[in-house]
Amino acid sequence: MAEEQCLFCSIVAGDIPADIVFESDTAIAFRDINPQAPTHVIIIPRKHVATINDLETGDEGIVGSLFSAAKEIAAEEELSEAGYRTVMNCNKAAGQSVFHIHLHLLGGRLFAWPPG
Ligand code: AMP
Ligand code: ZN
C-alpha cells in the first residue's frame, strides 16, 4: 500500500516523474536527481518500508530483489568489472533523507573507504 506523502511511493505510482532505468514486480530504479557519481541510481521496493528498522518477516525477498536489480543495472552501465558501491542509509545519523528504503548504486569513479 502506497503511503501518502511519500516521494518514492509517488514515483512508483507514476505521479512524480523519474528517469526509470529498471522495473520488476517488486522493485524499480531511477537516476538520482542529485548524482554523486557518473552513475547514481536509486533502487527501491514497490512496497513502502520507511527504514531498515521497519522491515518485517517476509520482506527478505523484496530486499534481495534490490540487489538483483543492482547487479543487472551495474552490468547495463558497464560497471561490473571495474566495481561499484551499494549503500543503504538508515535514519538521520547515516544521512537518510527519504523515508522509503532505497539502495544507492554508485559507479564510474573511485570511492574512498571509510565513507564520510
Ligand atoms: P538518502 O539521503 O540515502 O535518503 O537518499 C535519498 C536520495 O534520493 C538522494 O540521493 C536524493 O538526491 C535522491 N532524490 C530525492 N528526490 C529525488 C527525486 N525526485 N528523483 C530522484 N532522486 C531523488
Ligand atoms: Zn513510500
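## Strand β5, the cores and the zinc site

Strand β5 is largely enclosed by the rest of the structure, because 5 of its 5 residues are buried. The model described here is predicted. In a regular strand the side chains alternate between the two faces of the sheet. In β5 both faces are covered: L103, L105 and G107 lie on one side, H104 and L106 on the other, and all are buried.

Two strands pair with β5. Strand β3 (39-45) runs antiparallel to β5 over 5 bridges, and within this pairing I43 has L103 as its bridge partner. Strand β4, residues 84-87, is also antiparallel to β5, over 4 bridges. Here Y84 stands opposite G107.

L103 and L105 of β5 also belong to the largest nonpolar core, which has 11 residues in all; the others are F22, A27, A29, V41, I43, L66, A69, A70 and I73. At least two residues of this core come from each of β2 (27-31), β3, α2 (60-76) and β5. The largest share, 4 residues, is supplied by α2. Among the core residues, A70 touches I43, T86, L103 and L105, leaving out residues up to four places away in sequence. Another core, of 9 residues, lies apart from this one and includes C6, F8, I42 and I44.

C6 is also a zinc ligand. The zinc ion (ligand 2) is coordinated at 2.0 to 2.3 Å by C6 and C9 through SG, and by H48 and H100 through ND1. The site is tetrahedral, with angles of 107 to 117 degrees among the 4 donor atoms. Along the chain the donors follow the spacing C-x2-C-x38-H-x51-H. C6, in the segment before α1 (7-13), and H100, in the loop between α3 (91-94) and β5 (103-107), are 94 residues apart, and the pair links distant parts of the chain.

The table sets these two donors beside P38, a residue of the loop between β2 and β3.

| Residue | Relative accessibility | Class |
|---|---|---|
| C6 | 7% | buried |
| H100 | 0% | buried |
| P38 | 63% | exposed |

P38 counts as exposed because its relative accessibility is 63%, above the 50% cut-off. Beyond its neighbours within four places in sequence, P38 is in contact with G107, G108 and R109. The C-alpha atoms of P38 and G108 are separated by 5.2 Å, although the two residues are 70 residues apart along the chain. One of these contacts, G107, is among the buried residues of β5.

Notes:
Residues numbered from 1 in each chain as written. Chains lettered and ligands numbered in written order. Predicted model: local features only at pLDDT ≥ 70, side-chain atom pairs only at ≥ 80, totals over all residues. Heavy atoms only, no water. Donors = N, O, S within 2.8 Å, 3.2 Å for Na, K, Ca; no water. Tetrahedral: all angles 85-135°; square planar, octahedral: opposite > 155°, others 65-115°. Buried < 20%, exposed > 50% of the residue type's maximum accessible area, 1.4 Å probe, protein only. Core = buried A, V, L, I, M, F, W, Y, C linked by side-chain atoms within 4.5 Å. Contact = heavy atoms within 4.5 Å. Pairing = 2+ DSSP bridges.
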